[in-house]
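I opened my notebook to keep track of what I looked up, one entry at a time. Here is what I had on the screen.

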Amino acid sequence: MKTIVKLMKSTAAVVVAGLLMMGCSQALQTSYDYDSSVNLKQFKTFKVEAEHNMETDPLLGSELNRRRLGDAVVEVMEAKGYKMDTKNPDIIVRFMTDVKDRQQVRSNNMYSPYMWWYGGGNNISTYNYQESRFILNIYQKNSDRMVWQGWASGKVKAPTKKEDRETMVKNTMTDILRTFPQATSDTYSRN
């Protein structure tokens with residue numbers, strides 16, 4: 001009986017945690033691409049830095065957000081079993097952000113069979129918004145060749161609290177890196 005109660009409590013905790021994460025997540029679409037000729041499971045150490053030679057958005061690319069992004073990437077990579085090594089990493093994870101102005105055009109066709117009576121027409125409206133992108137590029141250290149790229153894009157509403165911003169960034173990095181493989185443990189080392 002105690003085992004059933006423990007199982008029910010742990011299941012309830014997992015469901016509540018899942019609902020909270022879904023409530024905190026943004027409406028971002030994530031995707032990835034990779035070099036199929038490289039065995040991504042061979043890597044064990046990493047280093048994180050901002051992408052070189054890229055224009056950054058003044059808000060998303062601010063020092064505060066770069067720090068948040070870097071910290072979130074480190075946390076997610078370590079949770080996947082990778083070890084931080086700033087001197088001689090196997091891979092370098094570079095991040096960048098940008099914002100694009102977008103416009104959505106909506107057409108409401110008001111023609112009907114009763115058009116002769118009520119009149120008809122076509123109502124067109126436009127909606128301007130900004131689309132944010134978070135991009136992670138992973139390079140193999142010894143060749144400086146990109147081996148994996150993941151990104152999230154969509155309409156981001158700025159959180160109101162500092163904790164919410166950090167949670168949003170961490171959740172976004174977790175979503176982007178979801179498809180990046182876990183670090184495999186070296187069966188020959190005793191560390």
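My entries below start with the whole chain and then go to the aromatic rings.

**Entry 1: the model and its layout**

I noted first that this is a predicted model. Then I looked up the secondary structure and found 4 helices and 6 strands in the protein chain. Going along the sequence, I wrote the pattern down as α-β-β-α-β-β-α-β-β-α.

**Entry 2: inside and outside**

How much of the chain is buried? I got 31% of the 191 residues. For the outside, I looked up the exposed area, and the chain shows about 13400 Å². Carbon and sulfur atoms supply 52% of that area.

I also checked contacts with a separation of 6 or more, and 77% of them come from residues 24 or more positions apart.

**Entry 3: aromatic pairs**

I reminded myself that a ring pair is described by the distance of the centres and the angle of the planes. The structure holds 4 aromatic pairs, and I picked out two to look at.

One of them is tyrosine 32 with tryptophan 148: the centres are 6.2 Å apart and the planes are at 15 degrees. That angle is under the 30 degrees cut-off, so I put the pair down as stacked. Where do the two rings sit? Tyrosine 32 is in strand β1 (residues 28-34) and tryptophan 148 is in strand β6 (residues 145-154), so the pair links parts of the chain 116 residues apart. Are these rings buried or exposed? Tyrosine 32 has 38% relative accessibility, so I marked it as partly exposed. Tryptophan 148 has 1%, so I marked it as buried.

**Entry 4: a tilted pair**

Next I took tyrosine 82 and phenylalanine 180. Their ring centres are 5.7 Å apart and the planes are at 40 degrees, so this pair is tilted. Tyrosine 82 lies in the loop between α2 (63-79) and β3 (83-84), while phenylalanine 180 is in the segment after α4 (162-177). The pair therefore ties together parts that are 98 residues apart in sequence.

I looked up the burial of both. Tyrosine 82 counts as buried because its relative accessibility is 2%. Phenylalanine 180 is buried too, with a relative accessible area of 1%.

**Entry 5: the cluster, and a charge over a ring**

Which residues form the aromatic cluster? I listed Tyr32, Tyr34, Tyr82, Trp148 and Phe180. Both pairs from my earlier entries have their residues in that list.

Last, I looked at arginine 94. Its charged end sits over the ring of tyrosine 139, at 4.5 Å from the ring centre.

Key:
Residues are numbered from 1 along each chain as its sequence is written. This is a predicted model: local features need pLDDT of at least 70, side-chain atom pairs count only at pLDDT 80 or more; totals for chains, interfaces and linings use all residues. Side-chain values use heavy atoms; hydrogens and water are left out. Rings of Phe, Tyr and Trp (its six-membered ring) pair if their centres lie within 6.5 Å; planes under 30 degrees apart count as stacked, over 60 as edge-to-face and the rest as tilted. Helices (H or I, at least four residues) and strands (E, at least two) are DSSP runs, numbered from the N terminus. Buried means under 20% relative accessible area, exposed over 50%, partly exposed in between (1.4 Å probe, protein chains only). A charge sits over a ring if NZ of Lys or CZ of Arg is within 6 Å of the ring centre and within 35 degrees of the ring normal. Contact means heavy atoms within 4.5 Å. Accessible areas come from the Shrake-Rupley method with a 1.4 Å probe; for residues, only the protein chains shown count as cover.
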